[in-house]
Amino acid sequence: MTTFLKLLFRNRLAAVGAVVLAAILLLALITPILPLADPDVTATADRFQRPFSTGHLLGTDHLGRDLLSRLLWGTRLSLAVGIVAALVAATIGSGIGIVAGYFGGRTDNIIMRGVDMLMAFPYILLALAIVAALGPGLMNALIAVAAVNIPFFARNIRGVTVGLAGREFIDAARLAGMGHTRIILTELLPNVLSTIVIAMSTTVGWMILETAGLSFLGLGSQPPQADLGSMLGEARSALITNPHTSVVPGIMIFLIVMSINLLGDGVRDALDPRLRSGALTRPRAVTLVDRRGNVPHADQKGLLNIQQLETQFHVGPRVYRAVNKVSLHVNPGEALGVIGESGSGKSVTALSVMGLVASPPGVITGGAVRYEGEDLLAASYDSLRRKRGNNVAYIFQDPLSTLHPLYRVGDQLIEAIQAHHKVPDAEAKARAIELLKAVRIPNPESRIRNFPHEMSGGMRQRVGIAMALANDPDVIIADEPTTALDVTVQAQILSLLDDLRRERGLAIIFITHDFGVVAQLCDRVAVMYAGRIVEEGPTATILEHPAHPYTKRLMACVPELGGGKRELAAIPGLPPVVSDLPPGCAFAPRCTKATEACQQGEIDLAGTATHTVRCIHPEEELA
Amino acid sequence: MGAYILKRLISAVPVLLGITIIVFLIMAMIPGDPATAILGSYATPENVEKLNRDLGLDQPLINRYFIWLGNMLTGDFGRSYSLNRPVLDEILDRFNATLILAGVSFVMCSVLGILAGVVSATRQYGFADKAITFIVLIGISVPSFFLGMMMILLFAVNLRLLPVSGMYAIYGGGDLPDLARHLIMPATALAVVATGVIARLSRSAMLEVLRQDYIRTARAKGVDERRVIMGHALRAAMVSIIPVLGIQAGFVLSGSVYIEIVFQWPGVGRMLVDAILKRDIILVQGGVVFVAGAYVFFNIVVDVAQSLLDPRIKT
Ligand code: SF4
């Protein structure tokens, strides 16, 4: 509760709303004891006095009545009517909602049908019909406004009640022999009360506005009694000659509604966990690059060369070092595997290459990514965009969420082509069909008209691959492209990728947690743990002589192709959270060979020219 | 597609029936003798007897409902006693005006609201976002009828740019530019609140969508950022924006009652308020059923638009 209030008042606008609203409420409460003129005494000689005239701070209206006094009394009346209407609507609506939600079945069905019918009206029509039947008058306006808001409460509260009605404590109460009424009043009501209060706080502003509206139309409060709406309505005929009589009540309505809105927004934001966690921030078109150290010099390694890359997530005051000084390179026609558990930083490394890490919260804080020697981290957005998909393409995991659900797969392919080549639609379409053929999708001519949800997982993944191939890239980064698929499809896709790299000389970076996949496809493999590379070398060497204890354990878990879904359950312990790593080896808490020396300080990658390991007590000495 | 539209049309039948039942029940709440209440000052003994016969007012409630419903199905909405003409004729004469006002206003709030939401989302926490958020906050807090009055004061009275009220100039008007000049203020005043609501929703819908994996895919294949936003992201966001457009259309239609009064617009809303003040119950009853029915059909259009946009909806 205190955190809630703190959050609420950190929001300056909400605080302003609260203060304004409190001031208005206070004024309305003390109106009877203020030394004001009688709001209903007419003095035609004094009509239309301007504001700030003697005796009338806000002037007088068309009958010479003191506007300040009428304003305060009117505010009092408007607030009272709005709040009473909200209470009535909340009570009846919540009652209906609880009954519907608690009893369920037929009762629920019939009640909710009725509620839906009521909601089918543009709701002022309903209010007008009620006022028409009952006759104009403030009381009837109140009834009408309350009535049209009942469905809103009924529906909200029913939703919450349905969730509660199935819970154990309700069953327990029933078994204890409690009657329905008692269960509803003592068990359910206390639990839905907070929802009712929130719903009320969001609707009370509306109800004040709506009763004012009805009064404005002459259907609410009748003269001489006046609420804000009828003051405005009466002033309308003198709008042009004496605008102040309209402006005064109008601004008051505006202030009331705005302060309630501000406060309501503040409450909603303070209650929304997504806002607090920053989950609703917009990722930029390119990952933010904020390199603090020196940029590493270009060395002549590889077509794509990742040097000393550091990518972090800045969430509030915390810093997660997702990628910590990672260096990798890949040559044309070569397949490099990057393997590790989820959270090891392998995907973030891959996404950093083309600036695709969501930012905020992602920031690239160091290193370089060189493509044909050019540092992509220093490239302009436009030059990076021209390379995305054209030179370096991605294949993502789970194509159901990575393909756009509302575009036909053909159009998505065509778009990929036309993003880089200005070709006519027909030509692009022919090329799209060709691509689908290349990834062995049967009937490509009709398949291009499918939406992603109309295809199987394996077919969708092929579309993902076809899209990556669309512009004949030199490098493909495949981020767990087979994890969501069953074993046979997985094998087909892997052999497809293998063929492509042999035929087209593609360089592939293959991100996975499955050694079986690595064994089938990759020439070299890098093992990542807690944001760092812990071992790197030719696949055959590492498969036969793993040097890092983590690598060895990783291999022991998933010996064969397709076992990947077991997620390395065999390694006891969990990968560390990369926000505060202890010094030394991050694997030490889970390592059976760990000694004190392991946690003393930085351990370097060491070994031969081709096989390196980051461990003090490796399983095999590398010579 | 045709089958889907047909399905939606059929499912509208019970809703329309429900609307007539609700309106009928509300009108049955009228205290005292219904014929006298309906006729008001026109209640001569002959009139009362004739009305009792026409509407079956002396019969049980349920019979009365079916008589009323049957009459409406044959296009007979009853007769307005205050205007001394058939209710349906009066409604049809005025419905165009309401449709023009609400329709233009609806297009304005949809286009401006979505645009503002998109700009706001893509410049999140930037100056444009803050400015839009602030304007929206004010917009959704101003009562439309007050805003309308202030606009009259500023643009019509002080600046003399636009006509004070009405739909056409009394002399020499009647063409499209004349209508447009008369329409600017009421349509704007009516659109402001809905624009604010739609802008807010569009902003959060866009922010939600921009985090999705398929946006990253679009960026990964090198699609230009403008296209990512206005194509991929907006299209996906529309799935959650369209239903809100449907709801806001209801609010625009509701709000037109106030605006028609403020700007003396010759529409159905103003007719309803006048009818209530004159206690012309039959006119109110017919008007409410007619407008509510029109809104039901509009919602079918919204559903169809949604199904065209989102192929995952079973058609
Ligand atoms: S450095 Fe020590 S703790 Fe780390 S893997 Fe090697 S032996 Fe185990």
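**View 1. Residues 115–135 of chain A in the predicted model.** The end C-alpha atoms of this span lie 24 Å apart. Helix makes up 81% of the span and strand 0%. In the unreviewed UniProt entry, residues 115–135 carry the annotation "transmembrane region". The annotation also covers residues 12–34 and 77–103 of chain A. Residues 77–103 are 100% helix and 0% strand. Their end C-alpha atoms lie 39 Å apart.

**View 2. Residues 75–264 of chain A, listed by UniProt as "domain: ABC transmembrane type-1".** The listing comes from an unreviewed entry. Over these residues the chain is 83% helix and 0% strand. The end C-alpha atoms are 20 Å apart.

**View 3. An open sheet of 8 strands in chain A.** The strand order is β7-β8-β9-β4-β10-β11-β13-β12, and the pairing is mixed. β7 (392–395) and β12 (606–607) stand at the edges. Each has a single partner strand, so one side of each is left without a neighbour in the sheet. Strands of a sheet pair through backbone hydrogen bonds, either parallel or antiparallel. β8 (residues 475–479) and β9 (residues 507–512) run parallel, joined by 5 bridges. Within this pair, A:Val475 stands opposite A:Ala507 of β9(A).

**View 4. Strand β10 of chain A, residues 524–529, and its cover.** The strand is mostly covered, with 6 of its 6 residues buried. In a regular strand the side chains alternate between the two faces of the sheet. On one side of β10(A) are A:Arg524, A:Ala526 and A:Met528. On the other are A:Val525, A:Val527 and A:Tyr529. Both faces are covered.

**View 5. The two partners of β10(A), strands β4 and β11 of chain A.** β4 (residues 335–339) runs parallel to β10(A), with 4 bridges between them. One bridge pairs A:Ile339 with A:Val527 of β10(A). β11 (residues 532–538) runs antiparallel to β10(A), and 6 bridges join the two. Here A:Met528 has A:Ile533 of β11(A) as its bridge partner. β10(A) and β11(A) form a hairpin with 2 residues between them. A:Ala530 in the turn has a positive phi of about 50°.

**View 6. The shell around the ligand.** The ligand is surrounded by 13 residues. Those that come nearest are A:Cys585, A:Cys591, A:Cys598, A:Cys615 and A:Ile616. By class, the shell holds 10 nonpolar, 2 polar and 1 charged residues.

**View 7. The contact between chain A and chain B.** Chain A brings 79 residues to the contact, and chain B brings 73 residues. About 6,900 Å² is buried between the two chains. Carbon and sulfur atoms give 71% of that area. A:Arg282, A:Leu406 and A:Glu415 supply 10% of the area that chain A buries against chain B. No other three residues supply more.

**View 8. Chain B, with 12 helices and 2 strands.** From the N terminus on, the elements run α-α-α-α-β-β-α-α-α-α-α-α-α-α. The C-alpha atoms fill a box of roughly 80 × 55 × 35 Å, taken along the principal axes. Chain B has 315 residues, and 54% of them count as buried. Among contacts in chain B with a separation of 6 or more, 71% come from residues 24 or more positions apart.

Terms used: Residues numbered from 1 in each chain as written. Chains lettered and ligands numbered in written order. Predicted model: local features only at pLDDT ≥ 70, side-chain atom pairs only at ≥ 80, totals over all residues. Heavy atoms only, no water. Buried < 20%, exposed > 50% of the residue type's maximum accessible area, 1.4 Å probe, protein only. Pairing = 2+ DSSP bridges. UniProt positions renumbered as here; feature names shortened; annotations may be inferred. Near = heavy atom within 4 Å. Nonpolar A, V, L, I, M, F, W, Y, C, P; charged D, E, K, R; others polar. Contact = heavy atoms within 4.5 Å. Buried area = accessible area lost by both parts, 1.4 Å probe.
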